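Visitor: I am new to this structure and would like a close look at one part of it. Please take me through the largest pocket and what goes with it.

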Amino acid sequence: MVLEAVADPPVRRGSDYAQLSRQISGAGLLERRPGWYVVRIVLTLGLFAAGWAAVALVGDSWAQLLVAAGLAVATTQVAFLGHDAGHRQMFRRRGPSEAVGLLAGNLAVGLSYGWWVDKHNRHHANPNHTEEDPDVGAGALAWTYEQAVATRGVARWLARRQAWLFFPMLLLEGLNLHVASVRAVVGRGPDGRFRTPVRHRG
């Protein structure tokens with residue numbers, strides 16, 4: 001009878017997420033692609049400018065509904081440029097990334113880039129942790145049983161039907177982001193201090 005050598009199990013280093021992150025980085029999926037971003041920026045800004053030109057050219061007409069749909073797609077793509085700039089995916093240095101983020105977010109889309117980067121970084125640091133992730137805090141949607149139980153009135157009615165209402169409510173997310181952005185930039189507490197820390201508030 002021959003006994004096979006028993007090997008020690010491989011030592012596991014880090015969490016599952018850390019291992020996945022190393023695998024993704026090793027495959028080169030997180031490397032910056034400046035050439036691709038140049039093309040994307042030019043095409044996106046061209047589409048965005050064409051949408052606003054179409055608004056002016058079409059004038060007072062029902063055709064503006066088609067223009068609005070196209071401009072919604074273009075505006076979303078501009079917002080995604082701001083998202084990628086916030087992740088510093090376009091440039092190695094912070095300055096150019098913030099310049100693109102401020103132009104795309106504050107100027108073109110109307111969202112505070114400083115507020116959004118802070119909120120989005122907190123989301124990525126603690127995804128789906130109801131106490132720390134601002135994207136799953138109590139609000140229009142209930143993300144946990146405890147949040148659903150705490151609702152009253154219209155909020156409870158929404159919580160009971162949110163699976164059916166999710167996509168219609170999602171149509172209002174752009175408006176929600178704009179309202180939250182403005183509140184973060186101008187909102188002050190009783191002591192007169194700003195409630196939300198925002199870089200580049202001015």
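Guide: Gladly; we will start with the pocket and then follow its helices to the nonpolar residues. This is a predicted model, in which local features need pLDDT of at least 70 and side-chain atom pairs count only at pLDDT 80 or more, while totals for chains, interfaces and linings use all residues. Residues are numbered from 1 along each chain as its sequence is written, and side-chain values use heavy atoms, leaving out hydrogens and water.

The largest pocket holds about 1,200 Å³ of space. A pocket here is an open set of points on a 1 Å grid over the protein atoms alone, where a 1.4 Å probe fits and protein lies on both sides within 12 Å along at least five of seven lines. Its volume is the space filled by probe spheres set on the points, which are joined across faces, edges and corners. Lining residues have an atom within 4 Å of a point; there are 35 of them, and Lys119, Glu173, Gly174, Asn176 and Leu177 are the closest to the centre.

By kind, the lining divides into 20 nonpolar, twelve polar and three charged residues. Ala, Val, Leu, Ile, Met, Phe, Trp, Tyr, Cys and Pro count as nonpolar, Asp, Glu, Lys and Arg as charged, and the others, Gly among them, as polar.

Which helices supply the lining? At least two residues each come from α3, α4, α5, α7 (153–170) and α8 (173–186), with the largest share, seven residues, from α3. Helices are DSSP runs (H or I, at least four residues), numbered from the N terminus.

Two of these helices, α3 and α5, also give two or more residues each to the largest nonpolar core. That core has eleven residues, including Tyr37, Leu81, Ala85, Met90, Val100, Trp115 and Trp116, and its largest share, four residues, comes from α5. Such a core joins buried Ala, Val, Leu, Ile, Met, Phe, Trp, Tyr and Cys residues through side-chain atoms within 4.5 Å. Buried means under 20% relative accessible area, exposed over 50% and partly exposed in between (1.4 Å probe, protein chains only).

Take Val100 as a sample: leaving aside neighbours within four places in sequence, Val100 is in contact (heavy atoms within 4.5 Å) with Ala85, Met90 and Phe91. Apart from the largest core lies another core, of seven residues, among them Leu71, Ala104, Val109 and Leu111.

Between α3 (64–86) and α4 (94–109), Arg88 sits in the loop. Arg88 counts as partly exposed because its relative accessibility is 35%.
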